[in-house]
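User: Could you take me through this complex, please?

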Amino acid sequence: MTAEEEHEKLLADLGRQLRIVAGREIYFDWEGFFWDPNDWDEEVATILARESGLDELTEAHWKVLRFIREYYFYHGRAPMNRHLKEGVHLSLGEIESLFPGGIRLGARRLAGLPNPKSCF
Amino acid sequence: MSGRLIYLDNAATSFPKPREVLDRMLQGYIELGVSPGRGSYDQALEAEDVVHGARKKLAIFFGAPDADRIIFAANATDALNIAFNGLLRPGDHVISTRLEHNSVLRPLYHFREMGWISYDLVHFDGKGFVDPGEIARNIKPNTRMVIVTHASNVLGSVQPVEEIGRVCSERGIPLIIDASQSAGKIPIDMTAWNVSAVAFTGHKALLGPTGIGGLAVRPDLDIKPSRFGGTGVDSRSPIHTVTFPHRLEAGTLNLIGIMGLSAGIDYIMHKGIESIHREEMALLKRLRDGLAGLEHVEMYCAGDLSGHVAVLTANVNGVSPEDAGAILDGDFNIAVRVGLHCAPLVHEDIGTINRGAVRFSPGIFNTPEDIDHAIRAMASMS
């Protein structure tokens, strides 16, 4: 097996999956999180939202998604809970209700951030 | 939202630490922050006295016969590694349980992958307890060790160590307990219980800082050293010191950590371990009773809290544990631990392996109002 093949196998083992979304080839992880946050755009987010049961992304949704992305690219990490709450002027409970899948599997995933590394 | 952080993650590490502990660490290190036992000047000898005093205190605390066999380590995981590396040999068999933390599971897995050992993990029942008879049934001629968590870090259930100790003692097999969640919460008597070694950490219920823990060893347990180096004694010899405690300690000790651990034990002894346990369990029962009234909350092995320490794990239907934790933190200023708690087999067995659960672990500085606030927070997630 070449080094490149070994690398590809490792990525596959980590659950990397290729999908065509909005005519583009995009890699996602095993839970549907973007492999590369730079692959995100609003059209892709809209399609993924529809798949998750959100027919329309309202201004409230976009406010959350844009804040998460801006924070991520500025700080290099997802917003802390209090920063998210202050940044979008919504409680965490309200954000949870806004997205099917809630904060992590809903908002964070649709914002194109990578899967958080937590104790799983 | 309450302005004060309501900290319910004491099973991860106790917070805040008693002021007395922090003061004694700082003052002790200001006055005596030299290398203990490594010099002939008075302060080095005094520092060594502090270390030996802590060993004596821990020996009494754990019912250990010999203070020189209180081995300092970085934490319980480190202490368990000292035990595994010092005891296990190729061909050995080990018995443990599915309640274990990765501090036990991963070393066992590692040694099995190396081809050194085999092991069996005993199941726990629907209330979170291991049957000592099941441990007896798994004993083989080559069983070298039984290693059991004293209290589950997910369910809070305290295991019948005394009965397990009897099983092991009758067969001449060393019993090691992981006391990470029990030391400082409930009394431990390794001599009376036939426990050969107790692995403990200083930063949880012993109220010390992170970075200090240890292994209390009975004299009849022959643990080989697995790390080697300077001990401050026998320096001319190329062979690592054979006498305890230096046999299992290499390099300069964590003096400020030992000072904090020693102060934490003093704090516990002054307050009374039974009193601490009673107060924490009253808080846990209040939490359990409050959550029991919420239809959208599911708890695990919390029906009967007798034989538990103050740990309770739950989930909110329709809300992932990590989101529940985020809401508790962001909207209610409540700190809990979510996920698998480094104990994946427990979550496998209670059916929460996919996303884990939310763990509440009140400590000595929590109040009934904190618990009521947590119940209201959980109620809001319906």
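**Confidence and the A–B interface**

Analyst: Chain B has a mean pLDDT (the predictor's confidence in each residue, from 0 to 100) of 97, with 99% of its residues at 70 or more. This is a predicted model, in which local features need pLDDT of at least 70 and side-chain atom pairs count only at pLDDT 80 or more, while totals for chains, interfaces and linings use all residues. Residues are numbered from 1 along each chain as its sequence is written, and chains are lettered from A and ligands numbered from 1 in the order in which they are written.

User: What ipTM does the complex get?

Analyst: The predictor assigns an ipTM of 0.90, along with a pTM of 0.94.

User: How many residues of chain A are in contact with chain B?

Analyst: 15 residues of chain A meet 16 residues of chain B, where contact requires C-beta atoms, placed from the backbone, within 7 Å.

User: And which helices of chain A supply that side?

Analyst: α4 (81–88), α5 (92–98) and α6 (102–110) of chain A each provide at least two of its residues. Helices here are DSSP runs (H or I, at least four residues), numbered from the N terminus.

User: At what angle do α4(A) and α9(B) cross?

Analyst: Their axes, lines fitted to C-alpha atoms over the stretch in contact, cross at roughly 65 degrees (on a scale from 0 to 180 degrees between N-to-C directions) and come within 8 Å. α4(A) is therefore roughly perpendicular to α9(B), a term covering 65 to 115 degrees.

User: Which residues make that contact?

Analyst: Asn81(A), Arg82(A), Leu84(A) and Lys85(A) come from α4(A), and Ala326(B), Asp329(B) and Gly330(B) from α9(B).

Conventions:
Two residues are in contact if their C-beta atoms, placed from the backbone, lie within 7 Å. Angles under 35 degrees count as roughly parallel, over 145 as roughly antiparallel, 65 to 115 as roughly perpendicular and the rest as oblique.
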